[in-house]
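Biologist: I would like to learn how to read a model like this one. Can we go feature by feature?

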Amino acid sequence: MNRQIQAAQETRLAQGLYLRLCGRLDSFLSVGLRLLHQYLRQTPELRAYGLNAADIALTPEVREIMHRADNAQVDMSSFAFLEEDMGTIIDAWRSRILNNLREAIPERTDRGTTVDPLDLATTMFTCKRCNEAFLRFPSVLTHKCQRPGSIEWEQDVWADIVRRRNGLRGRLGDPDIGFALSLALWPCEYSEPAHQIVRLCGMDPGVATTREMDAIDVRLVRGSAIMTWRAAVSGTVDSC
């Protein structure tokens with residue numbers, strides 16, 4: 001009997017939390033969407049990251065407000081701090097994402113260089129969900145599998161509410177808030193073919209960035225085929 005009472009209490013608490021969070025979501029969106037769009041106009045380079053309202057909703061700062069006690073008033077004014085702190089919140093989000101990506105890259109031997117390994121022409125990721133390879137930073141962050149619209153594992157209540165809300169975006173009046181980033185990548189492995197191709201283009205694979213390789217715009221010939229360095233890498237490398 002005690003177990004049944006405890007189970008009933010847990011169910012009641014879970015339902016209460018769900019309803020409380022659902023009731024507070026619109027207050028966040030009313031403020032968060034406007035400020036996010038404003039921020040992206042000021043820093044358009046972040047559009048390449050696919051940053052959206054769902055990403056902001058799952059930050060620690062917003063979570064803290066959403067999970068305040070039932071007797072705490074949470075309305076649009078509760079998110080006024082976003083006006084001033086949006087840059088700091090997004091910088092922290094970006095830092096967490098970049099660190100997660102770097103953890104998937106093997107440790108480099110040329111530690112003397114200051115080039116970010118994410119920028120290297122030889123750095124490519126492979127998606128764990130669909131096994132698509134040759135995903136480069138930052139486009140890997142907008143790969144459809146890295147922003148899943150369906151649940152693959154048990155999520156916390158707030159994350160589930162945010163995901164479900166975007167599923168209603170086709171309904172009149174519901175905004176498209178996007179699906180939050182959820183990285184699922186295989187660890188990158190050293191690729192000698194990719195290094196050789198960069199060398200063939202007259203560049204040092206230890207420091208050559210993707211942007212620099214695109215800028216020199218070298219064409220490589222294989223049989224009767226003429227291709228860019230990107231196409232050459234994709235044709236010779238099975239995984240990152």
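Biologist: Let me begin with one residue. Is Ala-14 buried, partly exposed or exposed?

Modeller: Partly exposed, because its relative accessibility is 42%. Keep in mind that this is a predicted model. Ala-14 belongs to helix 1.

Biologist: What is the C-alpha separation of Ala-14 and Val-157?

Modeller: 8.6 Å, although their positions lie 143 residues apart along the chain.

Biologist: Val-157 is far along the sequence. Which residues form a nonpolar surface patch with Val-157?

Modeller: Tyr-18 and Leu-19 do, and the patch covers about 260 Å². Leu-19 sits in helix 1, which spans residues 2-42. Leu-19 counts as exposed because its relative accessible area is 59%, and the cut-off for exposed is over 50%.

Biologist: Let me step back. How many helices and strands does the protein chain have?

Modeller: Eight helices and four strands. In sequence order the pattern is α-α-α-α-β-α-β-α-α-β-β-α.

Biologist: What share of the residues counts as buried?

Modeller: 42% of the 240 residues. The chain exposes about 13600 Å², and carbon and sulfur atoms supply 51% of that area.

Biologist: What part of the contacts comes from residues 24 or more positions apart?

Modeller: 63%, taken among contacts with a separation of 6 or more.

Biologist: Now a single helix. How does the reach of helix 4 compare with the expected value?

Modeller: Helix 4 covers residues 81-103, 23 residues in total. From first C-alpha to last it reaches 32 Å, close to the 33 Å expected at 1.5 Å a residue.

Biologist: Where is the kink in helix 4 centred?

Modeller: On Gly-87, with an angle of about 40°.

Biologist: Which residues of helix 4 are buried?

Modeller: Start with the general idea. An α-helix has 3.6 residues a turn, so residues three or four places apart point the same way. In helix 4, the buried residues are Leu-82, Met-86, Ile-89, Ile-90, Trp-93, Ile-97, Leu-98 and Leu-101.

Biologist: Ile-90 is on that list. What is the C-alpha separation of Ile-90 and Leu-46?

Modeller: 9.5 Å, with the two residues 44 apart along the chain. Leu-46 lies in the loop between helix 1 and helix 2, the latter being residues 53-57. Leu-46 counts as buried because its relative accessibility is 6%.

Biologist: Which residues does Leu-46 contact, leaving aside neighbours within four places in sequence?

Modeller: Tyr-39, Leu-40, Leu-51, Ile-90 and Arg-94.

Biologist: Is there another loop residue to practise on? Where is Thr-209 placed?

Modeller: In the loop between helix 6 (192-200) and helix 7 (210-216). Thr-209 counts as buried because its relative accessibility is 13%. Beyond residues up to four places away in sequence, Thr-209 touches Val-115, Asp-119, Leu-120 and Ala-121.

Biologist: Now charges. How many salt bridges are there?

Modeller: First the principle. Side chains of opposite charge can pair when their charged atoms come close. The rule used here asks for nitrogen and oxygen within 4 Å. By that rule, the count comes to 11 salt bridges.

Biologist: Which residue pairs with Glu-83?

Modeller: Arg-34, with the closest N and O atoms 3.8 Å apart. This pair links distant parts of the chain, as Glu-83 is in helix 4 and Arg-34 in helix 1, 49 residues apart. Glu-83 is partly exposed, at 47% relative accessible area. Arg-34 is also partly exposed, at 45%.

Biologist: And which residue pairs with Arg-63?

Modeller: Asp-156, with the closest N and O atoms 3.1 Å apart. Again the pair links distant parts of the chain, with the two positions 93 residues apart. Arg-63 is in helix 3 (residues 60-66), and Asp-156 is in the loop between strand 1 (126-127) and helix 5 (157-166). Arg-63 is partly exposed, at 23% relative accessible area. Asp-156 is partly exposed too, at 34%.

Biologist: What is the closest N and O distance for Glu-64 and Arg-68?

Modeller: 3.2 Å, in a salt bridge. Glu-64 is partly exposed, at 44% relative accessible area. Arg-68 counts as partly exposed at 30%.

Biologist: Which residues do shared salt-bridge partners join into one network?

Modeller: Asp-160, Arg-163 and Arg-164.

Methods. Residues numbered from 1 in each chain as written. Predicted model: local features only at pLDDT ≥ 70, side-chain atom pairs only at ≥ 80, totals over all residues. Heavy atoms only, no water. Patch = residues over 30% accessible without salt bridge, like charges linked within 9 Å, V, L, I, M, F, W, Y side chains within 5 Å. Areas by Shrake-Rupley, 256 points an atom, 1.4 Å probe, with all protein chains shown as cover. Salt bridge = Lys/Arg side-chain N within 4 Å of Asp/Glu carboxyl O. Buried < 20%, exposed > 50% of the residue type's maximum accessible area, 1.4 Å probe, protein only. Expected span 1.5 Å × (residues − 1). Bend = angle between axes of the 7 residues up to and from the residue. Contact = heavy atoms within 4.5 Å.
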